[in-house]
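Colleague: I have just opened this entry and would like a short tour. Could we begin with the ligand?

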Amino acid sequence: MKPVSLIQFLIEERRAGHINAELSLLIEVVARACKRIGVATGKGALGGVLGEAGTGNIQGEAQKKLDVISNEILLEANAWGGHLAACASEEMEDPQQIPDGYPKGQHLLLFDPLDGSSNIDVNISVGTIFSVLRCPDGVTEPKAEHFLQPGTTQLAAGYVVYGPATVLVLTFGHGTHEFTLDREVGSFVLSRRNIRIPEQATEFAINMSNQRHWQAPMQRYVGELLAGRTGPRGKDFNMRWVASMVADVHRIVTRGGVFYYPLDAKIEKQGGKLRIMYEANPMAFIVEQAGGAATTGRRRIMEIQPTGLHQRVPVFLGSKEEVELATHYHLEADGAMS
Ligand code: AFP
């Protein structure tokens, strides 16, 4: 079969009526920016890009040089194309407006420019996550409140993993598709169409060092996974934790499994670890479109009405039956299962 490039795929999606020309251009621009981020991360120590930037982001987290570089690459690439009304990023407190003199479009873009960046200095996969929303009608200078739309309204979501290969995973709400970067040619090529995540899992991803802080239903659920064949689940489970969400989710999108960042006593006040607008929602959209599920442990992530641009939520995602069981244990413990 002849390879299908990302550009060809986007034309097909336009013809099928799934996206318009502006959204197609937006995705092309984001993909091009991600190729540049991939080049920057790929240089490693030789590019002088490793280590701390010496600054902190809005969440009070130390920024790596590559966090700052990746953010600038995405902002710059998207400023002039005429497809965006504004951008918002993990690295900036407020949305970034389109500079004067450039045309504005209908879309809002949110991104985590370099997720998993604490892994960069040890040469472990990192990635970019993005989500696209429609700018509300009549809004010419979008503010944070205009981005606060539930995940169900996303027009597109994707991530790029910068690993041994650079891989883009994308959804417009008509299935989840994977593209692999052909580095010689410089173009993303369709490598899997309509990905399906197996409904059952034998692999789970969680940071076990937080175990003592977890709530009782999480203790029960993971306890049963660890008990394996001799416990109530009657089968053995394997465990993986890369600590780059993109890499952990990509494993699930490739061979199934589940990913959990639950609420625990340490992070209870902040509502969770992962950010809803540019981590949880886009990943939930991608996973659901591949037949998986994504909840907070209590409710579907994409139905939450966000209240802040940098709001955090607990995240349970991946193989449907497993996420449903973990969610069931939480609701049962809350007494919500009458
Ligand atoms: P960094 O971008 O600061 O490395 O954080 C990565 C992340 O947001 C997500 O990609 C991981 O799943 C999660 O944090 C890892 O968190 P722990 O370090 O608490 O395991």
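Modeller: An oxygen atom of the ligand lies 2.6 Å from an N or O atom in the side chain of Y261. Please keep in mind that this is a predicted model.

Colleague: How much of the ligand's accessible area does the protein cover?

Modeller: Taken on its own, the ligand has 490 Å² of accessible area, and the protein covers 82% of that.

Colleague: Which elements give two or more residues to the shell around the ligand?

Modeller: Those elements are β13 and β14, the latter being residues 274-275.

Colleague: And which residues come nearest to the ligand?

Modeller: There are 15 residues around the ligand, and D115, S118, N207, M245 and Y261 come nearest. In addition, an oxygen atom of the ligand is 3.0 Å from an N or O atom in the side chain of W241. A polar backbone atom of S117 is 3.2 Å from an oxygen atom of the ligand.

Colleague: Let us turn to helix α5. What span should its 12 residues have?

Modeller: Helix α5 covers residues 216-227, and at 1.5 Å a residue it should span 16 Å. The C-alpha atoms at its ends are 16 Å apart, so the model agrees with the expected value.

Colleague: Which residues of α5 are buried?

Modeller: They are P217, M218, Y221, V222, E224 and L225. Because these buried residues cover an arc of only 150° around the axis, they are on the same side of α5.

Colleague: What do the buried residues of α5 pack against?

Modeller: They pack against three strands, β11 (203-205), β13 (258-261) and β17 (315-318), and against helix α8 (320-334). Just after α5, G228 takes a positive phi of about 55°.

Colleague: Where is N123 found, and is it buried or exposed?

Modeller: N123 is found in the loop between β5 (107-115) and β6. Its relative accessibility is 72%, over the 50% cut-off, so N123 counts as exposed. Although N123 is not a glycine, it has a positive phi of about 60°.

Colleague: What about N194: where does it lie?

Modeller: N194 lies in the loop between β10 (187-192) and β11. N194 is not a glycine either, yet has a positive phi of about 50°. With a relative accessible area of 43%, N194 is partly exposed.

Colleague: One last residue. Is S131 buried or exposed?

Modeller: S131, in strand β6 (residues 126-134), has a relative accessible area of 2% and is therefore buried. The side chain of S131 makes a polar contact with the side chain of Q154 at 2.9 Å. Leaving aside residues up to four places away in sequence, S131 touches several others, including L108, A156, M277 and P282.

Conventions: Residues numbered from 1 in each chain as written. Predicted model: local features only at pLDDT ≥ 70, side-chain atom pairs only at ≥ 80, totals over all residues. Heavy atoms only, no water. Helix = DSSP H or I, 4+ residues; strand = E, 2+ residues; numbered from the N terminus. Expected span 1.5 Å × (residues − 1). Buried < 20%, exposed > 50% of the residue type's maximum accessible area, 1.4 Å probe, protein only. Arc of directions from axis to C-beta. Contact = heavy atoms within 4.5 Å. Near = heavy atom within 4 Å. Polar contact = N/O pair within 3.5 Å; in protein donor to acceptor, adjacent residues only side chain to side chain. Areas by Shrake-Rupley, 256 points an atom, 1.4 Å probe, with all protein chains shown as cover.
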